[in-house]
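Let's take a friendly walk through a protein model, looking at its sheets, its sulfur link and its empty spaces. Have the 3D view open as you read.

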Amino acid sequence: MSETVKYRPTAGSYTEAREQHRSFWLGGWVDRGSSMQTVSLDKTAQIFQEGMLVIDHSDQTAKNISTSGLFGNKPRARGKMQFISGWGGQGIIVLIGGNQKVVNDTIDRGFGELMPMDEVDVFDVSSIYDDRILTGGTWYKQKVTGDIPERRVDFCVMLAGANDRSSNNIYMYGGRGANGSSFDDVHILSIPSFTWTKVYQGNSGRYGHTCHRAGYRTMLSVGGVPTTNETTGPCDWQTKGINVFDLSNITWSSQYVNSTKKDYEVPAKVIARIGG
């Protein structure tokens, strides 16, 4: 890489633009467990990081661009980003949730200040490749309506687009709230209407997992913690930490079956709210 970060952060937000061969890492923090260079830090240390790292996989270079227009003096961690192609010159990145604190506060504050879920931040990817590169490109604050989720961290997101390209739907599953309790719900953020629709509510929360698109209409939930107590809680109900979610029928299963090869269909609850 042509540019490096001083220490390797953890708990940042990340996404990738595969057709552009680029990845993006935003914020996060450094503590005594984030890299070998930081093991000497105090056990209470938690240093939030500014900037967004833009990695070009074609030429193995990286640029750490300013996020002062987004953060001010409050870097962010434990949220999620989702790249969406077809918007603007080179697509957009949607930043959802997480927590923040002032950059000179180096003490672990737990959940700290959770970000509101009735608004998201939108980044114009093309803006980092013109004369605005020194200011880190252009972020926009966007209000969101609908079934507003509770504030949270450590959730997962995944993208599915309508076949007629009328909407892009960001699925958000699980996470943890301010009191440490975990969520077992699925919300969908539809773009360009920027509308939340709650499509699932269960009673077995999960956080710290990842979500992945598989086949035509399936989301895989991988790993994570199924309870607020990692050591004495019940066994994980997900088989080997993996569960399968039908993106259209809004149903969970322990088995992945792709033999029917059905195309993705926007869920009925989303159609009822935004029309498609």
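The paragraphs below cover the strands first, then the disulfide, and then the pocket and cavities. Please keep in mind that the model is predicted.

**Two open sheets**

Start with the sheet of 4 strands, which is open and has the order S8-S9-S12-S13, with antiparallel pairing. Which strands stand at its edges? They are S8 and strand S13 (138-143), and each has a single partner strand, so one side of each is left without a neighbour in the sheet. From one strand to the next, the twist averages 25°. S8 and S9 run antiparallel and are joined by 5 bridges. To find this pairing on screen, pick Met81, whose bridge partner in S9 is Leu95.

Another open sheet is formed by 3 strands in the order S7-S10-S11, and here the pairing is antiparallel. Its edge strands are strand S7 (76-77) and strand S11 (113-114), each pairing on one side only. Strand S10 (residues 99-100) pairs with S11 over 2 bridges in the antiparallel sense. Within that pairing, Asn99 has Leu114 as its bridge partner in S11.

**The disulfide**

How many disulfides are there? The count comes to 1. Cys156 and Cys211 form this disulfide, with their sulfur atoms 1.8 Å apart. The pair links distant parts of the chain, 55 residues apart: Cys156 sits in strand S15 (residues 156-161) and Cys211 in strand S19 (residues 210-214). Are these cysteines buried or exposed? Both Cys156 and Cys211 are buried.

**The largest pocket**

S15 and S19 turn up again in the lining of the largest pocket, where strand S1 (13-17), strand S8 (80-84), S15 and S19 each supply at least two residues. S15 provides the largest share, 6 residues. The pocket is lined by 28 residues, and the closest to its centre are Arg18, Gln82, Phe83, Met158 and Leu159.

**The cavities**

The structure also holds 2 cavities of 30 Å³ or more. Residues lining the largest cavity include Arg76, Leu95, Met115, Glu119 and Lys141. Strand S9 (92-96) and strand S12 (119-124) are the elements that give two or more residues to this lining, and S12 gives the most, with 3 residues. Leu95, the bridge partner of Met81, is thus a useful landmark, as Leu95 also lines the largest cavity.

The second largest cavity has a lining that includes Gln46, Phe48, Asn99, Gln100, Arg109 and Glu113. Asn99, the bridge partner of Leu114, is therefore worth selecting here too. 

Here are the three spaces side by side.

| Space | Volume | Nonpolar | Polar | Charged |
|---|---|---|---|---|
| Largest pocket | About 950 Å³ | 12 residues | 10 residues | 6 residues |
| Largest cavity | About 50 Å³ | 5 residues | 1 residue | 4 residues |
| Second largest cavity | About 40 Å³ | 2 residues | 5 residues | 3 residues |

To finish on screen, you could colour S8, which stands at an edge of the sheet of 4 strands and also supplies at least two residues of the lining of the largest pocket. Then colour S12, which belongs to that sheet and gives 3 residues to the lining of the largest cavity.

Terms used: Residues are numbered from 1 along each chain as its sequence is written. This is a predicted model: local features need pLDDT of at least 70, side-chain atom pairs count only at pLDDT 80 or more; totals for chains, interfaces and linings use all residues. Side-chain values use heavy atoms; hydrogens and water are left out. On a 1 Å grid over the protein atoms alone, a cavity is a set of points where a 1.4 Å probe fits but cannot get out, and a pocket is an open set with protein on both sides within 12 Å along at least five of seven lines; lining residues have an atom within 4 Å of a point. Grid points are joined across faces, edges and corners, and a volume is the space filled by probe spheres set on the points. Ala, Val, Leu, Ile, Met, Phe, Trp, Tyr, Cys and Pro count as nonpolar, Asp, Glu, Lys and Arg as charged, and the others, Gly among them, as polar. Two strands pair if DSSP finds at least two bridges between them. A disulfide is a pair of cysteine sulfur atoms within 2.5 Å. Buried means under 20% relative accessible area, exposed over 50%, partly exposed in between (1.4 Å probe, protein chains only). Axes are lines fitted to C-alpha atoms, for helices over the stretch in contact, and angles run from 0 to 180 degrees between N-to-C directions.
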